[in-house]
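Biologist: I am new to this structure and would like a close look at one part of it, taken slowly and with the reasoning spelled out. Please begin with a single loop residue, and then carry the account on from there.

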Amino acid sequence: MVNGLTVRRVVVMAIVGFAAAVGTGAAGQSLALHDNWAIQSAAKITGAGEAISTAGYVAEGWYPTSVPATVLAALVENKVYPDPFYGDNITKIPGYKPKLWLVMDEASPFFPSWWYRTEFDAPASFSGKNVVLHLDGINLRANVWLNGKLVAGGDKIYGMHRRFELDVNEFLRPGEKNCLALEITSPGHISEPAKRTKQVECTTGWDDHNPQPPDLNMGVWQNVYLTATGPVALRHPYVRPDLEVPSLATARLTAAAHVVNKTGAPVKGKLSGKIESVEFAQDVELAPHETKVVEFTPESFPQLVFSNPRVWWPVNLGKQEMYEAGFRFDVDGQTSDTAATSFGIRNITSYLNDEGWRTFKVNGQDTLIRGGAWMTSDMLLRVTPKRYDALVRYAREAGLNMLRSEGFSIRETDEFYNTCDKYGVMVTQQIFGRSIPDEPLAIACIEDMMLRIRNHPSLVHFLGHDETFPTPTLDAAYRDLIARLIPDRTYQPHSGAFDIEERFETGGTRTGSLQVWTYATPVHYYTHPLTGAWGFAQSGGIGGIFAPLESMRRYLPEESLWPPFAPAWSLHTVTQGGTYFNAVVKALNTRYGQADNIEDFMKKALALNYESARGMFEAYGRNKFKATGITTWKYDTAWPASPTWQYIDYNLFATGAYYGAKKACEPLHVQYSYDDNSVWVVNNLSEQVNGLTVSARALNIDLAEKVSQTGGLDVPANTSVKALDLAWPADISKTFFVKLTLTYKTGKLVSENFYWLSTAPDLPDPNPKSFQNPASTSDFTALASLPAAKLAASSSFEPDGKEQVARVTLENAGNSIAFFVNLAVTQGEGGPEVTPAFWQDNYVTLLPGEKRDITARFYTEDLAGKAPALKVSGWNSK
């Protein structure tokens with residue numbers, strides 16, 4: 001019985017990531033169908049599904065692949081098409097169209113259906129079991145054939161963000177060779193929408209982030225596998241914690257699982273559960289083909305009241321404690337099936353404060369959100385555990401505590417959520433980008449998603465749609481699903497209003513503006529009351545963010561790198577093209593001086609991004625909790641681009657903006673305020689810190705000291721405190737420096753921060769409807785004339801498990817400032833830069849006589865067998 005309907009021969013339902021929980025013992029078996037696949041267009045082959053799905057069929061001319069793989073990803077792997085991520089190669093792939101599009105042309109090679117086919121040996125031990133074929137991700141429709149028989153058609157196997165299971169007892173041949181064939185139809189077989197929209201079908205969409213892949217991501221994008229169980233199968237294991245706050249003294253757990261009678265006869269059995277040493281069980285009776293949700297509540301099972309539980313915390317607030325729960329169903333003393341899940345005990349909620357802004361409360365305490373919008377991490381959906389780990393770890397290392405999974409992306413995988421659980425990064429999951437006309441299908445997709453991800457402690461909040469409201473029926477359905485399936489998460493229908501007065505209707509957040517999506521100065525978030533550091537911004541930002549030059553050289557030929565924006569370079573920005581970021585280029589040339597080559601341009605671009613990102617996140621820190629949070633637009637990107645909205649680029653390079661954000665989000669942090677020249681200490685920790693000392697020095701461009709102040713203070717937990725007010729003497733140079741330090745009473749350094757400032761203020765465009773012509777701009781052109789620095793560097797490398805630890809000592813042995821110094825590890829001397837690399841700090845500045853010890857971690861396998869080497873480069877040092 002599924003959703004109240006009894007289903008006999010073919011069962012189609014969304015499922016959780018079940019194969020890992022089943023194991024290979026008597027309780028159940030699984031067979032992954034990962035390898036030995038081949039694909040071909042239906043337009044190039046003859047024969048029907050009966051023949052194609054028969055073992056021994058001659059698949060001549062087919063392209064070998066493994067799954068998951070979209071059609072285009074498989075063809076690129078087979079070198080049918082060149083790497084679509086390099087240069088303008090994507091424009092040469094048949095079916096490519098510029099900008100956003102939803103309707104596939106009939107002339108496209110991806111308009112006909114494509115076949116996926118594999119042959120496999122089914123274990124003889126599957127005989128007598130209830131065998132299920134699991135399809136965890138099909139885009140968009142599939143006819144499913146097994147051993148010459150149609151198991152299910154595209155009317156049932158439909159919707160990218162659903163998991164399907166098909167009973168295949170009558171089709172499978174245990175102990176023999178079997179053949180599975182999937183005939184898949186792409187998205188885009190629709191008429192042009194009557195109204196302009198960005199999303200119509202239950203599939204991926206890319207908004208204006210990057211080109212649409214010509215196949216619209218058609219194919220098998222998640223795992224395919226078989227499971228075999230006894231008469232009863234287990235689905236959707238779940239544990240919902242109710243943690244007492246603020247004491248954290250007890251947690252009341254509700255455990256549950258779906259039990260599914262796979263037979264046509266009544267079944268009696270026992271469902272047992274275990275969470276560490278705590279066990280619980282109850283008898284269950286099932287009618288033929290019945291699915292029943294069986295719960296264990298703390299009222300009926302008092303052992304599910306945990307005293308002094310281990311609590312899951314986000315980054316900087318505590319450990320990421322996890323528990324394991326296991327379930328077993330026994331029939332007549334024999335185990336029919338098992339299932340398992342991990343979960344965390346925490347209490348994270350959100351509410352609208354007195355000003356109508358969404359505020360997050362973590363385990364009883366208000367928590368400032370500083371994070372970014374998460375985009376599907378690969379345009380061809382080649383998502384891997386290593387890629388997830390690198391991207392989410394970068395966020396943790398920077399103290400970014402939330403990622404907003406964007407509504408045009410995939411409904412993120414379990415691997416993404418597992419990684420966020422591990423690193424303590426909270427997730428807001430957007431449901432869709434726009435309302436889907438096929439509302440029953442949309443609801444089915446979201447029901448499956450909620451059942452799949454609800455155990456993850458990192459999941460904290462749902463957004464309805466992007467910059468629009470869902471239809472009333474979809475909104476009601478989303479609210480009902482949350483209330484029934486995951487009632488301890490909060491919801492808002494709309495990602496955020498352009499008009500902040502509408503925040504009470506949208507759910508307490510605002511979106512960005514054209515200015516913050518193109519270019520915003522570090523002053524902006526201090527001085528702009530409507531789009532600055534106030535309330536909660538789901539989609540603020542600093543505008544276009546550049547990738548480091550080495551990364552750009554990996555996807556653009558040299559002739560496309562100067563001047564901005566040659567056609568291939570423009571393609572690798574956003575779908576509007578490079579001119580969308582003209583304001584960034586203008587600001588760079590005005591603030592830092594006209595660049596005359598790509599090396600000079602990129603050096604200035606990274607500095608520009610660093611100062612803006614640091615200023616934005618610092619403004620939110622100073623203004624907590626009048627400012628309640630920002631998930632900047634955006635954190636990562638699905639294909640190589642520069643500039644675009646990104647903090648970590650596609651090649652896993654950390655940008656200048658990333659290190660500016662990392663500096664701003666230190667757990668205990670000293671910072672400068674651009675609006676009133678004050679110095680603040682921001683405490684992001686859960687405990688008060690006493691006996692701190694703040695020092696501030698202002699230096700001319702020639703390093704002559706013009707200001708020196710110190711002050712002592714105590715900083716309460718989770719707050720910000722003003723430490724100093726600074727004033728500049730009349731004779732300070734137009735470009736000058738400010739060095740801040742924060743020390744414990746023992747003298748140990750806690751935080752340091754280095755600013756380059758200007759007596760020329762950043763003043764907005766006098767036209768309130770414009771921002772392209774500011775009344776005044778900071779002048780940093782004198783930085784181009786800094787004398788060469790004499791910088792000494794030493795390094796050592798040591799293994800630590802699968803990683804290497806780099807220990808670097810920098811010393812400024814000369815009389816000139818060593819400005820904006822970048823550190824990198826390379827594959828041998830002069831080799832490619834190793835990414836990802838998790839530096840303690842980067843783009844650092846050293847005054848004469850200063851010494852810095854900086855560490856980094858990276859993966860040994862990324863050395864490609866070479867010895868690690870240190871590369872040091874800087875604004876005025878080599």
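Modeller: Lys99 is found in the loop between helix H3 (71-77) and strand E5 (114-121), and what you see here is a predicted model. The phi angle of Lys99 is near 60°, a positive value in a residue other than glycine. Its relative accessibility is 49%, so Lys99 counts as partly exposed, given that a residue has to be over 50% to count as exposed.

A second residue with a positive phi is Tyr843, which is not a glycine either and has a phi near 50°. Tyr843 is placed in the loop between E42 and strand E43 (844-846), and because its relative accessibility is 7%, it counts as buried. The loop that leads into E42 from the other side, between strand E41 (818-827) and strand E42 (837-839), holds Pro836, and the peptide bond that joins Thr835 and Pro836 is cis, with omega about -5°.

There is another cis peptide bond, from Pro564 to Phe565, with omega near -10°. Phe565 belongs to the loop between helix H11 (549-553) and H12, and this brings us to Trp569, which is part of helix H12 (residues 567-571). Trp569 has a relative accessible area of 0% and is therefore buried. If neighbours within four places in sequence are left aside, its contacts include Phe546, Met552, Leu556, Leu561 and Pro563, as well as Pro564, the residue at the start of that cis bond. Leu556 lies 13 residues away from Trp569 along the chain, and the C-alpha atoms of the two are separated by 6.9 Å. Further along the sequence, Trp569 is in contact with Ile598, Phe601, Ser642 and Pro643, among others. In the case of Ser642, the side chain of Trp569 reaches the backbone oxygen at 2.4 Å.

Phe601, one of the contacts of Trp569, is also one of the residues through which helix H14 meets helix H13. Two packed helices are described by the angle between their axes and the distance between the axes. For helix H13 (residues 582-592) and helix H14 (residues 598-622), the angle is about 100° and the axes are 10 Å apart. An angle from 65 to 115 degrees counts as roughly perpendicular, which means that H13 is roughly perpendicular to H14. On the H13 side, the residues that meet H14 are Val584, Val585, Ala587, Leu588, Arg591 and Tyr592, while H14 contributes Phe601, Lys604, Ala605, Ala607, Leu608 and Glu611. By class, this contact has 9 nonpolar and 3 charged residues, with no polar ones.

H14 also takes part in covering the buried residues of helix H15, as do strand E25 (369-374), helix H4 (385-397), strand E32 (668-672), strand E38 (749-758) and E42, the strand that we met beside Tyr843. H15 spans residues 656-664, and because 9 of its 9 residues are buried, it is largely enclosed by the rest of the structure. The buried residues in H15 are Gly656, Ala657, Tyr658, Tyr659, Gly660, Ala661, Lys662, Lys663 and Ala664.

Two further buried residues, each placed in a strand, can be described by what they touch. Phe736 is in strand E37 (residues 735-743) and, at 1% relative accessibility, counts as buried. Not counting residues up to four places away in sequence, Phe736 touches Leu699, Asn700, Ile701 and Trp728, and also Tyr755, Trp756, Leu757, Ser758 and Thr759. Thr70, in strand E4 (residues 69-70), likewise counts as buried, because its relative accessibility is 1%. Beyond its neighbours within four places in sequence, Thr70 is in contact with Tyr116, Asp215, Asn217, Met218, Gly219, Val220, Leu380 and Leu381.

The cysteines remain to be considered. Two sulfur atoms have to be within 2.5 Å to count as a disulfide, and by this rule the count comes to 0 disulfides. Cys445 is buried, with a relative accessible area of 0%, and the closest cysteine sulfur to its own is that of Cys202 at 4.1 Å, which is too far for a bond. Cys420 is buried as well, also with a relative accessible area of 0%, but the closest cysteine sulfur, in Cys665, is 16 Å away and therefore too far for a bond.

Definitions and conventions
Residues are numbered from 1 along each chain as its sequence is written. This is a predicted model: local features need pLDDT of at least 70, side-chain atom pairs count only at pLDDT 80 or more; totals for chains, interfaces and linings use all residues. Side-chain values use heavy atoms; hydrogens and water are left out. Helices (H or I, at least four residues) and strands (E, at least two) are DSSP runs, numbered from the N terminus. Buried means under 20% relative accessible area, exposed over 50%, partly exposed in between (1.4 Å probe, protein chains only). Contact means heavy atoms within 4.5 Å. A polar contact is a pair of N or O atoms within 3.5 Å; within protein, one must be able to donate a hydrogen and the other to accept it, and residues adjacent in sequence count only if both atoms are side-chain atoms. Axes are lines fitted to C-alpha atoms, for helices over the stretch in contact, and angles run from 0 to 180 degrees between N-to-C directions. Angles under 35 degrees count as roughly parallel, over 145 as roughly antiparallel, 65 to 115 as roughly perpendicular and the rest as oblique. Ala, Val, Leu, Ile, Met, Phe, Trp, Tyr, Cys and Pro count as nonpolar, Asp, Glu, Lys and Arg as charged, and the others, Gly among them, as polar.
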